[in-house]
Amino acid sequence: SVPVNGLSAFIASAIDQQTPTQIVIGAARSAVSEPLASITGLLHIPQISYWSTLSSLSDKSVYPYFMRTIPVDRAVTTAACNYWREEGYSDVAVLFVSDAYGEGFQKLVVEACSRTGTNIVSFAYSTTDTFSFEAQMQRVANANLNVFLAVTLGISEASFILQKASEFGILGAGTSWMFADGIFGESLIAIDPELHADAHGSLYISQMPTSEDDAGWSRFTADWPSFDTAHVNIHLPDAWKLPPNFFKEDLQQSAMDIAALEYDAVAAAAIHACEIAPRGVLGNDFGERFIATKTNISFDGLTGKVGFDANGDRLNARVQLKNVLYTSGFDTPYLGVHEGGAWNWVGGSLAASGIVYNGGSRVTPSATDPPTDDGGGDANVITIVASCVALLCLASVAATVVIYLEWRRKKRKRLKLLCLERTLAPPLLTLAHDHAYHVFLSHKWP
């Protein structure tokens, strides 16, 4: 997940003349895939990522050899904006991490929501500066908004955001918090238990790479517990070896999603390589031929029908919205799937799908807090008195300024600045007695 490590590993492999690199699978994070794709493009080496969603990677003028089996961020941001439009939200606060993923995601949210009529108020934060992080959370709280999207990396950031949101009074009933897929939805179980009551009803939006309707996925999940780590570890370096009970433990859904997407990336590379070079001899132009015919790739993978468009992006993008519930234990039930530009809700409509908002509320939060009007007589008197005091102070300041300006005007009249006498010699400056002057003279002498 660190760019320099990913590049170092690739360079070490690329310069190995015994086994030259023909195809790259990965990386996972966009921050690694982005610089790596610049190099693979120069070397004409196809690269297929299984988890990098950054939209700028679709630019073939910059990353001509990049492909991916996971849907692009644009699908998620479009789905989020369509959801907010359906809720009738006029304004949404977006808190995003200042890196390639977060900044790219934020731009796409603004772009997508400009088409749906939702105003986005953006707040960037740095993971390396706790003080600025807290200051930005204070600004979020002062924005008078109740609907939030957190674009974060990892559960530690999400936990910190929820902690500060609780401290600043913007978490709980009357609010709606949504988390993007920079974290895994199931990892939200790890937040402070004291926050569970207010975080109950949060939302999680992400790509939906797998579905129970996909035959390959159903077989994959059924066979998972029978996999043997010994058969896998013999092919892995020591740092990557799996613990003995890896396939026996209760596994997070997201881990199997990643495994399925990675499997399909390897399958796409292998199937298309065999189509290009059925006799096994790849040739010097293998990379060019692979990319030129990438839109011909089509097969039933673990994540459904796998195919790529002209930009190397995954076709048939699906996005899911889940509720994050902490009532009895932890649960993330589906609310709906966004596909083909529209939401398909599990209950037939959003209202009938059993959505829960933060704090366990069933009432849709308002996007902004209306101005308070207490109507109290005492408050009105205080306001009038305060206004009068402010006016008196303003009048006093104005009088002081007028007196000062008049004093300056009279003083200038008494000052003799300088005399310029036209001669063939340089100018002669005559100064008034007992006065010193700072003079800037700009003149062109004939």
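Begin by selecting S52 in this predicted model. Leaving aside neighbours within four places in sequence, display the residues in contact with S52: A27, A28, R29, S30, S33, L57, F66, R68 and I70. S52 itself belongs to the loop between β2 (47-49) and β3 (66-68). Its relative accessibility is 0%, so S52 counts as buried, the limit being under 20%. Two polar contacts of the S52 side chain can then be drawn: one to the backbone oxygen of A28 at 2.8 Å, the other to the backbone oxygen of R29 at 3.3 Å.

Next, select residues 73-87, which form helix α3. The helix has 15 residues and spans 21 Å from its first C-alpha to its last, close to the 21 Å expected at 1.5 Å a residue. How many of the 15 residues of α3 are buried? Eleven are, and the helix is mostly covered. Colour them separately: D73, A75, V76, T77, A79, A80, C81, N82, Y83, W84 and E87. Following α3, G88 has a positive phi, near 85°.

Move on to helix α5, residues 130-142. From first C-alpha to last, its 13 residues reach 19 Å, close to the 18 Å expected at 1.5 Å a residue. At the start of the helix, select D129: one of its side-chain oxygens comes within 3.2 Å of the backbone nitrogen of F131. After the helix comes N144, with a positive phi near 65°.

Now orient the view down the axis of α5. Where do its buried residues fall? The buried residues are F133, Q136, M137, V140 and A141. They lie within an arc of 150°, so they line one face of the helix. The face turned away from this buried side carries the exposed residues F131 and N142. To see what covers the buried residues of α5, show elements including β4 (91-97), β5 (119-125), β6 (147-151), α6 and β7 (176-179).

The aromatic rings form the next stop. A search of the whole structure finds 17 aromatic pairs. One of them joins F133 and F160, a tilted pair with 4.8 Å centre to centre and 45° between the planes. The pair links distant parts of the chain: F133 lies in α5 and F160 in helix α6 (residues 155-167), 27 residues apart. Are these rings buried or partly exposed? F133, at 6% relative accessibility, counts as buried, whereas F160, at 24%, counts as partly exposed.

Select W224 and F246 for a further tilted pair, with 6.1 Å centre to centre and 50° between the planes. This pair also links distant parts of the chain, 22 residues apart. W224 sits in the loop between α8 (215-223) and α9 (229-233), and F246 in the loop between α9 and α10 (253-276). W224 has 7% relative accessibility and counts as buried; F246 is partly exposed, with a relative accessible area of 23%. Extend the selection to W217, F220, F227 and F247, which ring pairs link with W224 and F246 into a cluster.

Finish at K322 and Y334. K322 lies over the face of Y334, at 4.9 Å from the ring centre.

Key
Residues numbered from 1 in each chain as written. Predicted model: local features only at pLDDT ≥ 70, side-chain atom pairs only at ≥ 80, totals over all residues. Heavy atoms only, no water. Phe/Tyr/Trp six-rings, centres within 6.5 Å; stacked < 30°, edge-to-face > 60°. Helix = DSSP H or I, 4+ residues; strand = E, 2+ residues; numbered from the N terminus. Buried < 20%, exposed > 50% of the residue type's maximum accessible area, 1.4 Å probe, protein only. Lys NZ or Arg CZ within 6 Å of the ring centre and 35° of its normal. Expected span 1.5 Å × (residues − 1). Arc of directions from axis to C-beta. Contact = heavy atoms within 4.5 Å. Polar contact = N/O pair within 3.5 Å; in protein donor to acceptor, adjacent residues only side chain to side chain.
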